[in-house]
Amino acid sequence: MTGASTHAVGIDIGGTGIKGGIVDLRQGALVSDRMKVATPQGAKPKDVLAAVEEVLHRLEAEPGMPLGVAFPAIVKNGHTLSAANVSDKWIGFPAEEFFEDGLGRDIHFANDADVAGVAEVRYGAAKDRAGLTILTTLGTGIGSAVIMDGTLLPNTELGHLHRAKHSKDAEAYAAYSAMEREELSWEKWAKRLQWYYSHLEFLFTPDLFVVGGGVSKHSDKFLPLLELNTPIVPAVHRNNAGIIGAAALAGD
Ligand code: BGC
């Protein structure tokens, strides 16, 4: 962080909502209201840009403040390379340049779950934790951040693991949106999460699971139902982890 950047703006683009806030980077805490607009239907680049502009406008942040933008796709060299819950137009799209041109300012651009992982490592549940932490966000999709001794391995996409002999991937089966869509009880949903986290545990033998996404505020309803050898805790910053992590990276 430079001496000047004690504050930054974070915007977290999701499959359902686009959220933003001004973050104090010394504390890793929101110092503005959290602004939210619905993700436009179809989530095409032009419409998403307009929604991001709206969030920025409502935040009334100083124009020179660093801006981080998080997006629900693989992000490599400023390009979005996948599109699970957004328009296919994002595949192979120069998204960082598109937002910078449209907003008329520099941004730091990264995957939404990765930045949530960064927030939890710097200011939350994974702070000072040695070894392997896997953060997953349970929302419209499932996002993942894999962090070894504080260092992020970006773009892991563990929400797209497949279950043997099933056509649906993990996020179609076990994301929070699957629970809502299929009106599952906490117990039924927890059975799906049990499969998911047991599988991750078998593949990675992590030291800590952190669970983010909006539903993490109800973690008492489902985390105690899981039987794992790895500690599993809710994200301290819950659904704000994406905003805080995007801002933190922009302030670096
Ligand atoms: C996307 C990921 C994203 C996750 C959470 C998945 O569908 O492929 O890139 O992190 O959703 O938004």
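Of the 13 residues around the ligand, which come nearest? In this predicted model, the residues that come nearest are Asn111, Asp112, Glu157, His160 and Glu171.

Three of these residues can be followed down to single atoms, beginning with Asp112, which has a polar side-chain atom 2.5 Å from an oxygen atom of the ligand. Glu171 likewise places a polar side-chain atom 2.7 Å from an oxygen atom of the ligand, and for His160 the distance from a polar side-chain atom to an oxygen atom of the ligand is 2.8 Å. Taken on its own, the ligand has 310 Å² of accessible area, and the protein covers 94% of it.

From these contacts one can step back to the surroundings, where the space that the ligand takes is the largest pocket. Helix H3 (112-123) and strand E10 (142-148) are the elements that give two or more residues to the shell around the ligand. Sorted by class, that shell has 5 nonpolar residues, 5 polar residues and 3 charged residues.

At the level of domains, the shell around the ligand draws at least three residues from domain 1 (3-114 + 241-251), and at least three from domain 2 (128-235).

How values were computed. Residues numbered from 1 in each chain as written. Predicted model: local features only at pLDDT ≥ 70, side-chain atom pairs only at ≥ 80, totals over all residues. Heavy atoms only, no water. Near = heavy atom within 4 Å. Polar contact = N/O pair within 3.5 Å; in protein donor to acceptor, adjacent residues only side chain to side chain. Areas by Shrake-Rupley, 256 points an atom, 1.4 Å probe, with all protein chains shown as cover. 1 Å grid on protein atoms, 1.4 Å probe; cavity = no way out; pocket = protein on both sides within 12 Å on 5 of 7 lines; lining within 4 Å. Sits in = over half its atoms within 2 Å of the grid points. Helix = DSSP H or I, 4+ residues; strand = E, 2+ residues; numbered from the N terminus. Nonpolar A, V, L, I, M, F, W, Y, C, P; charged D, E, K, R; others polar. Domains from an automatic or database assignment.
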